[in-house]
Structure formats: C-alpha cells, structure tokens
Number of protein chains: 2
Amino acid sequence: MRPTLQTVADAVGVSRSTVSNAYSNPDQLSAELREKIFEVARKIGYPGPNPAARSLRRGRAGAIGVLFTDSLPYAFTDPYAVQYLRGVSEAAERYDSGLLLVPLAGDEKAGIHAVQNAAVDGFCIYCVPEWHWATDAIRSRGLPIVTSEQHDDDRPDVLYVGIDERGAARAAAAHLVALGHRQVAFLSDYVVPERITAPVHIASPEEVRYYTAGERLRGFRDAFAEAGVAWADITVLSAAANSREDGARAAAYALDRADRPTAILAVTDLLALGVLDALAVRGLRPGRDVSVTGFDDIPEAGAAGLTTIRQDPIERGRRSGELLLDPPDDPASRRVLLPTELVVRASTGPAPHGWS
Amino acid sequence: MRPTLQTVADAVGVSRSTVSNAYSNPDQLSAELREKIFEVARKIGYPGPNPAARSLRRGRAGAIGVLFTDSLPYAFTDPYAVQYLRGVSEAAERYDSGLLLVPLAGDEKAGIHAVQNAAVDGFCIYCVPEWHWATDAIRSRGLPIVTSEQHDDDRPDVLYVGIDERGAARAAAAHLVALGHRQVAFLSDYVVPERITAPVHIASPEEVRYYTAGERLRGFRDAFAEAGVAWADITVLSAAANSREDGARAAAYALDRADRPTAILAVTDLLALGVLDALAVRGLRPGRDVSVTGFDDIPEAGAAGLTTIRQDPIERGRRSGELLLDPPDDPASRRVLLPTELVVRASTGPAPHGWS
DNA sequence: TTGAAAGCGTTACCAG
DNA sequence: CTGGTAACGCTTTCAA
C-alpha cells in the first residue's frame, strides 16, 4: 500500500496533524521533530502530501489554466502565441503557480471534459471566441477568467487584457490611404466559418464571428471608407489558417488577376509574410509594385522589412497572468488596454501610378 | 454556499451516485434523467464535478508535468525547448491529458514545493541534471518519469528518450578533423558551475556536471584525440547562458587572439549563431577563415548556413509524452534512442593553410 | 507544541 | 437503473 500521512504519523508516533504541519506549517513544531518526520517519511517512501487531497482541502489548485481554441501544438507554432505564453509563465512563476495548458482541440466532448477536469484557479483565454462551444463549460466553472477579447456583456468577474484592435488596424490602413492606395485587398483567417483559402464575399466585417479578425477588418474598412473606398470594392481573401503558406496561397488569388490590388492588408504578420513570399515568386517588389502590411510585429517581420502594427505579446501574457493571480479591487483596473504602434518599413510605399 | 453534487442530487430528487454517473458514466442512466440533471445543475450554478475531488478519488490527475531547470519563461525563449514542448503537447492532446508546466526556477524551496504540489500523473524532465536539488523531490513523488539524459543507475521505472549525444558530437568534430582542422576551440554553456562567459580550464569533459554539455564535449574530444590533438591544446570557452549574445561574447576571446583557432565547435546552434555574429563583426568569413559547427539544427541554422547536427525536438517531445502516457511493458522499448544527422552547410570548410 | 474530530466533494462498490 | 456506505488523503479549527 502507498504510504500516507497517517502511515508516517504512526511510524513516528505522532498525530496526522503534526506530520501535516511538518510539511505545511514548519513553525508549528520543533525543528528536530520536523527533521525526524522527514527522515521517517523518506525511509518508508512517503511521497509528500498528495496534491489532489491538499488542493481539495485547501480549495486552491496552485495553477492557472491557459486555453487555446487551436490545438495545443499550434500554440507552440505561432510565434505570437509562444510569446504570450512566455508572458503568462512569467507571472505564474512569480506567484509560484503552475501553468496548465488545456487541450481544447478536436473533439467537442473531450474539450469540455478537459475544461471541467482542469485543476486550476482560473483561466487565461487566448483565442477562444465568445460563441465557441467551450465557452459555456469555461464559464460554468465559476473561476476567474482573463480574456483578450472585449465582450458585449460587461460581466464584472471577467478580466480583460487587450489592445484597441480596431484603432490599430485603422492606423495601418490610414497609412496606406495616405500613400494613395485605393485598390486593395484584405487578408484574414477566420473570416468565414469554413477553413478555406480563397477570395470570399462577406457583406461587412460585422459578419465575421471571430473578435480579433472582425475588429481588425473593421479598422481596415473604417480608414478606406473615409477615403471613399466602398467595402464592395475591396477584395477579401480568406486563409484557412494563420500560416505563411496559407497567406501566400490566398494572396495568389489577388496577385494573378489583371486588376491586382496595389496593397494587401493582412490581419497577422504570418499571413503578411506569406504575401511577401507570393510577391517574390512573381518577381513583384514589396512596397513598390504591391504594398503589404501585417499585424503583431513578430521577430521575422523586422528582418522581412514588413510594415506592421507592433504590440507586445509578452506584456500581454504577463499582465493577463498577473490580473488573474492578483485581481485588483478597483473595477477600472480590471480591464487593461495595452498600447500599439505603427511600424513603417520597406513593405509599404506610394501606390503605383495608373491604378488609382 | 457553492453547490455540490449533493445539492444537485437533492434538487433533482435522486442520489449522489446518480448525479455522479450523469457526468462520468452516461450509460448508467436514462438520457432523459441525465438531461434533467444537467438542466438543474445549470440552473443552480453547479460547476460540474470538482477536479480536485475527482482526482483524489480516481487517483489520476489527467495531466502530465514538464520540468525545466531554467525558468519557465526561458522555455519559451529557446526554440529547441519550444519544439520539445510542442511534441509533448501533441502526445498530451492525443491522450486527452493536460500539460502542466512546473516552475522550478529561482528559490529552491519554492521549486520543491512546486514539484510536490504538481497535480500530475508523471513528469517529462527536460533539462534537469541528475544532481539538481529538485531531483530528490521529483523522484520521491514516485511517479513515472521520462528523462532526456542517460542515468548511470538503470532504474527500470525511469523512461528515457534521447539521442547519442556523444556519438553525434563526435561526428561533427570528425567532419572538421577531415577538413584538416587541428587548432580548435569548444564552446559550451554549463561547462563550469559559475555562469560566466570566458575561456575556462577544465581537466577533461568528465568534469562537466551537465549531462548534455559533458557528453557533447566528450564527443568533440574523442574525434580530435583520435587525430592526435590533445585536450590540453584545445581552448574551452564557457558561455553564461545558451544565447546568441553569450556565444558571440565567448567567441571573442578566441577570435581576438593572434593564434585564433581555425574552427569553433559549439554545443548548441544558438551559441554557434553567436559565433557567426562575432565573425561578421570582425570581417571573418565562416567556412573559410574560421569554421563553425552547431548542434540541434534549429530553423535559423539553415538560413545562416550553419553546419550542425540535426535532431528532431518535436519527435523527442512527442515520444517522451507517449512513453509517459502509455508506457510499454517491454523494458527495451522504455528507452528510446532517436537518430541524428550531420548537416554540412557553408559554415565549415577546409582549414586555412599555414596553421596546421 | 500536540492531538482528536470534522469535513473538503467525489467515485466505487454492492445490494436492491 | 438506483441509492446507501465507505473510502480517497489531507488541513484546520479547537481544546488539551
């Protein structure tokens, strides 16, 4: 039989509480007794207080959960997600908390079970839209939650860390407007429920059900609408996933047309880098023949000379973790808006003549 | 008061077991009753079975722990570590298991507590040497363990996934030997207990207490010893951390000497890339003036034209996770040795004349 | 400083 | 298919 606290207590000849104190409240007993208890424990192979039992009794898990819509492996593929995780882990480490990555992918039933089984004190939700099937399961856990998406319902128990997605996207688009671009394409994943790489028709960004993609497309639209470019005159390209390959594939649909756009605005750097790849293949010069913007400013963006919106994913993760682990009483501080910055590089330039 | 299983049972008018079955054994009751139970649960705000209680009762946690010597944030900085995590997460996801990252950094006491408190069914240990202070705590949990380091004691309950570190390093060094290099430097982190960036004197690789660094240095030595180059004639450079910057800094000590080596062998790509940086600053041509080898073949290595040893960290992580979650009965299969491959790129070339 | 008793919320077993 | 009963292993008063 596996030894328990009781086993040790009996072996030493003290009560359970004393052994428990030896592990959890060292100042409640003499140093010698404590040492003796540890020694006996080692001898009979007692593995220390069972975490589940302790957590049950204490009512806290000592870990925070991180939820991704996309599969767990994806979290380690997307550089932005990795940075975010890094930030969360910094907070977790500082508060002596573990970090539990909860697999939400694939099977709906498995995902819900994973959420219900997660031994955590709260969730950092990274990319799970409000209407996702897991949302109910997450909420009904009744644990504190930090989201990165603004929600309509202002639930006071929901913490938030994010950026002004729409405003930032608008700034990127305004930059292109100022450069004279009028014939443009928007490139995004999660535009339509289907995971396809193709041009798609949507009546407006309001149709997009993913918060981030939707807000960014709204921002793009805002700036061009102001310049007199109607939504209907803008090509919307859907990418099956947020990857370089899908970005390149999607861009092809716009670049191989006779009336190719003078600029392509992507909702992420990864997609934008794909666009650059597609340009290179065709011998088109970024910033001269076709301007390209991204979003996030991942490390590769700098090397590629990509004009983009900079945001700090580590800070985002860190603040998320901190908010979860140490929520402020002041309601205003429970919603954090992080700054962004337009970084202009070589991938954008004046619109070529003869098109506008 | 927070509702419990009992609360729901009372509200519906059934026994606890029935409610429990509704959640955990759906085939033990009628679909209607099950639905009714869920409905009532929702109404009174029952968050579902408490994971701690469930885990206590069932005796399994539904998560695997991952341990890093370095701080949690570091795990997300090192590209190799990220890939490894990705692999582990693939296995976790497939087995419907969570992934708990346990913070082992900084304070010894906090780290030990973290290990003891981790609600997991086993550990994947990434870079924790056998003599690390956490080792006792980890072992005494009595849980299955997958290491990436060979241990002397052949504990049958310790699973292992790794590569032939020494043989692979030897292959890299043999490549340089064949190219005529005789005056060389080895660059490694964890050579000495102190975290310093400087040339160091160690009597032999056997002195190195970190498994990976030690084995790789041993491999380097083997090949050069065979070519008649004595250990004493080889410069050993220590890097304070496995980073590009420290690699460059350490390389400076060798490159700025009159009798600079014709080749520098680094134990990781990150360090080797730093060496390339140091060469560039000095106008030295890799593969011509100074040859450089790395280890791992991280993505950046290809772009930089770095000769290196390729290993597959995703596979390594995946196999580790699988081994932990589904250990084979056959003892032989409990130790997995993954293949490696010497990838020759532009950073190595014949030794310049006049030196050898 | 120590010990006895009372749960924490579940699930497993077994008889109905 | 249902419902008692008995753990699971611990922490936490509170009194000695």
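A polar contact here is a pair of N or O atoms within 3.5 Å. Keep that cut-off in mind for Asn50(B), since a polar backbone atom of this residue sits 3.2 Å from a phosphate oxygen of DNA strand C. Everything that follows comes from a predicted model.

Let's stay with DNA strand C for a moment. It has 25 residues around it, and those that come nearest are Leu5(B), Ser20(B), Tyr46(B), Arg54(B) and Arg57(B). Leu5(B) uses its backbone: an N or O atom there lies 2.6 Å from a phosphate oxygen of DNA strand C. Arg57(B) goes for a base instead, with a polar side-chain atom 2.5 Å from a base oxygen of DNA strand C. If you look at the atoms of DNA strand C within 4 Å of the protein, 58% are sugar or phosphate, and bases make up the rest. On the protein side, the surface near DNA strand C is made of nine nonpolar, eleven polar and five charged residues. Helices from both chains take part, as α2 and α4 of chain A and α2 and α4 of chain B each supply at least two residues.

Now swing over to DNA strand D. Here 27 residues surround the strand, and Leu5(A), Ser20(A), Tyr46(A), Arg54(A) and Arg57(A) come nearest. Of the atoms of DNA strand D that come within 4 Å of the protein, sugar and phosphate account for 60%. Two backbone contacts to phosphate are worth finding on screen. In one, a polar backbone atom of Leu5(A) is 2.6 Å from a phosphate oxygen of DNA strand D. In the other, a polar backbone atom of Asn50(A) is 3.1 Å from a phosphate oxygen of DNA strand D. Chain B reaches this strand too: a polar side-chain atom of Arg16(B) lies 3.3 Å from a base nitrogen of DNA strand D. The elements that give two or more residues to the surface near DNA strand D are α2 (16-24) and α4 (51-58) of chain A, along with α2 (16-24) and α4 (51-58) of chain B. Among them, α4(A) gives the most, with five residues. Sorted by class, this surface has nine nonpolar, eleven polar and seven charged residues.

How are the two protein chains related? Chain B can be superposed on chain A by a rotation of 180° with 0.0 Å of shift along its axis, at an RMSD of 0.1 Å. The two copies are thus related as by a two-fold rotation axis. To find that axis from chain B, go to Leu100(B), whose C-alpha is the nearest in the chain at 2.1 Å. The copies also meet through the same surface, because 100% of the interface residues of chain B are interface residues in chain A as well.

The next stop is an open sheet of twelve strands with mixed pairing, in the order β12(A)-β5(A)-β4(A)-β3(A)-β1(A)-β2(A)-β2(B)-β1(B)-β3(B)-β4(B)-β5(B)-β12(B). At the edges are β12 (335-338) of chain A and β12 (335-338) of chain B, each pairing on one side only. From one strand to the next, the twist averages 20°. For a look inside the chain B part, take strand β1 (residues 63-67) of chain B, which runs parallel to strand β3 (residues 123-125) of chain B and is joined to it by three bridges. Within that pair, Leu67(B) stands opposite Ile125(B).

Chain B also has an open sheet of five strands, again with mixed pairing, in the order β7-β8-β6-β9-β10. Its edge strands are β7 (198-200) and β10 (291-293) of chain B. The twist in this sheet averages 25° from one strand to the next. Strand β6 (residues 184-189) of chain B pairs in the parallel sense with strand β8 (residues 235-239) of chain B over five bridges, and Ala185(B) stands opposite Thr235(B). Lying across β6, β7, β8 and β9 (263-266) of chain B is helix α11 (residues 244-255), at about 155° to β8(B).

Finally, hop to chain A for one residue. Arg195(A) is in the loop between β6 (184-189) and β7 (198-200) of chain A. Beyond its neighbours within four places in sequence, Arg195(A) is in contact with Asp70(A), Tyr190(A) and Ala240(A). The contact with Tyr190(A) includes a polar one, side chain to side chain, at 3.1 Å. The loop residue also sits 7.0 Å from Ala241(A), C-alpha to C-alpha, although the two are 46 residues apart in sequence.

How values were computed
Residues numbered from 1 in each chain as written. Chains lettered and ligands numbered in written order. Predicted model: local features only at pLDDT ≥ 70, side-chain atom pairs only at ≥ 80, totals over all residues. Heavy atoms only, no water. Near = heavy atom within 4 Å. Polar contact = N/O pair within 3.5 Å; in protein donor to acceptor, adjacent residues only side chain to side chain. Helix = DSSP H or I, 4+ residues; strand = E, 2+ residues; numbered from the N terminus. Nonpolar A, V, L, I, M, F, W, Y, C, P; charged D, E, K, R; others polar. Pairing = 2+ DSSP bridges. Axes fitted to C-alpha atoms, helices over the stretch in contact; angles between N-to-C directions. Least-squares fit on C-alpha atoms with pLDDT ≥ 70 in both. Contact = heavy atoms within 4.5 Å.
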